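Me: I should like to learn how to read the contacts and sheets of a structural model. Might we work through one case together?

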Amino acid sequence: MTALVIAEHDNASIKGATLNTVTAAAQCGGDVHVLVAGHNAGEAARQAAQIAGVSKVIHADGEHFAHGLAENMAAQVLAIAGAYSHILFPATASGKNIAPRVAAKLDVGQISDVTKVDSPDTFERPIYAGNAISIVQSLDEKKVITVRTTGFDPAAATGGSAAVETASAAADTGKSKFEGNEIAKNDRPELTAAKIIVSGGRALGSAEKFNEVMTPLADKLGAAIGASRAAVDAGYAANDLQVGQTGKIVAPQLYIAAGISGAIQHLAGMKDSKVIVAINKDPEAPIFSVADYGLEADLFTAIPELVQHVGSMA
Amino acid sequence: MKVLVPVKRVVDYNVKVRVKSDNTGVDIANVKMSMNPFDEIAVEEAVRLKEKGVVTEVIAVSCGVAQCQETLRTAMAIGADRAILVETTEELQPLSVAKLLKALVDKEQPGLVILGKQAIDDDANQTGQMLAALCDLPQATFASKVEIADGKARVTREVDGGLETVTVGLPAIITADLRLNEPRYVTLPNIMKAKKKQLETFKPADLGVEIKPHLKTLKVTEPPKRSAGIKVPDVATLVAKLKNEAKVI
């Protein structure tokens with residue numbers, strides 16, 4: 001019984017979500033192999049080989065893997081799938097895109113967003129925006145899984161010494177073509193990997209205010225910035241900052257929700273955070289029901305004050 | 001060019017579901033059911049493509065119990081031209097739905113299938129990608145913008161950290177993300193008109209598809225409850241607590 005983890009990487013380095021996925025794979029009970037399919041991805045493959053608990057890295061290289069197009073990535077996974085009992089992807093935008101394509105070609109069901117491995121064929125996953133947990137048993141011989149990274153600790157990025165094996169690249173399917181991307185560039189930690197997240201809601205009132213109020217706090221704490229759906233819908237924050245059922249699922253050490261009322265869809269995305277702070281002037285806001293520390297205050301005075309206090313104690 | 005738009009009947013997004021006391025599932029008796037919000041966005045996109053003259057016919061499809069007819073009528077009130085119900089009382093998992101849809105793709109030969117990216121009940125996010133695999137067609141998931149020209153679709157996708165643009169040759173499978181469009185309000189005259197539109201019904205056997213579960217639900221439980229903590233009087237106390245008690249800053 002061997003599990004295959006599909007690495008998330010940018011060719012030069014392995015992304016953090018891969019490490020949590022390796023942990024989930026190890027819990028499935030057998031050896032763990034990692035597939036790095038990319039373009040000039042030798043460095044990413046070398047990094048994958050150092051992940052603790054990985055016994056083999058399979059490196060497939062080709063220009064058509066450069067941007068992780070689902071059709072080509074799925075073809076590569078299928079080319080080597082025969083040897084594996086479990087095929088695991090991180091439940092990121094990329095993993096969610098590729099995994100069902102692999103499962104359907106194998107004629108097996110997929111277990112999405114797994115938060116716990118109970119046994120090699122039984123898994124826990126949230127349904128209804130996390131309002132219920134479903135314990136499901138796979139009836140297929142091969143299990144195709146996406147892993148909710150917040151459910152598993154990351155495997156150590158170093159300490160392993162797996163062999164890197166080169167696999168022949170599956171042919172370019174030519175089905176889709178990458179045109180370009182706009183990835184926001186900043187020095188902040190990635191939302192799903194951040195230790196601290198400061199998240200703003202509709203109460204911020206405008207994109208300018210959102211930046212003006214939230215950015216200094218994020219800078220001071222070295223935090224990532226998140227937003228509620230209401231704030232994103234209103235255009236105060238970029239789409240990819242949305243935390244919630246259909247946005248990013250996060251579980252930082254500290255989540256500060258400012259001016260967020262706490263709709264169930266938002267709570268679904270952050271309630272596994274270790275410590276939750278809610279700042280809201282509405283004492284009835286549902287966010288207070290999940291917050292460890294609640295502050296009933298106007299965020300426009302409380303947040304700048306918070307920035308000052310954090311600064312003065314540092 | 002025809003567009004096929006699969007729609008799912010789900011518990012309305014405003015309903016807070018409860019886990020049944022015998023842990024066999026969630027209680028959906030007597031709760032409000034609606035079209036999955038992402039599917040509504042998919043229908044709207046298809047109808048807009050028709051209004052732009054890019055598409056000639058919009059066909060809504062639903063798989064499930066007889067009441068899915070209501071969901072299909074809603075799709076036709078938004079502007080779908082006709083509807084197909086694949087009626088079954090069996091539990092449908094994403095791979096089975098994808099197989100039913102594949103049979104309809106073979107039958108109708110659409111140039112495009114637009115689906116919601118995920119259903120808000122099982123939160124699986126699988127059906128579109130699975131359909132693309134079974135049909136061996138290109139896929140463009142999590143779409144926030146779709147442009148059709150010269151037999152191709154140029155799709156802007158929501159990815160981690162920002163946006164990505166891909167071009168796929170038609171026919172293709174597209175799944176709709178939240179910000180692809182804002183679905184229109186359905187008006188009463190359009191609801192009346194939708195009642196007169198054609199709604200065909202098939203059984204899975206008519207399409208040569210065998211419904212088979214791949215996952216068995218052993219138990220459905222309540223998530224661990226997070227209890228409310230304390231209210232702090234001011235920012236200074238908050239910072240002190242975070243530093244000394246929670247030790248997170």
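Reply: The turns below treat the chain contact, then strand pairing, then helix packing. This is a predicted model, in which local features need pLDDT of at least 70, side-chain atom pairs count only at pLDDT 80 or more, and totals for chains, interfaces and linings use all residues. Residues are numbered from 1 along each chain as its sequence is written, and chains are lettered from A and ligands numbered from 1 in the order in which they are written.

Me: How many residues does the contact take from chain A and from chain B?

Reply: Two residues are in contact if their C-beta atoms, placed from the backbone, lie within 7 Å. Here chain A contributes 70 residues and chain B 67 residues.

Me: Which strands of chain A and chain B pair in the antiparallel sense over six bridges?

Reply: Strands are DSSP runs (E, at least two residues), helices likewise (H or I, at least four), numbered from the N terminus; two strands pair if DSSP finds at least two bridges between them. Strand 8 (residues 132–138) of chain A pairs in this way with strand 12 (residues 215–221) of chain B. Within this pairing, Val136(A) has Thr217(B) as its bridge partner.

Me: Which residues of helix 2 of chain A are buried?

Reply: A residue is buried if 20 or more other C-beta atoms lie within 10 Å of its own. In helix 2 (residues 42–49) of chain A, these are Ala44(A), Ala45(A), Gln47(A), Ala48(A) and Ala49(A). They pack against strand 2 (31–38), strand 3 (56–61) and strand 10 (163–167) of chain A.

Definitions and conventions. Buried ≥ 20, exposed ≤ 12 C-beta atoms within 10 Å, placed from the backbone.
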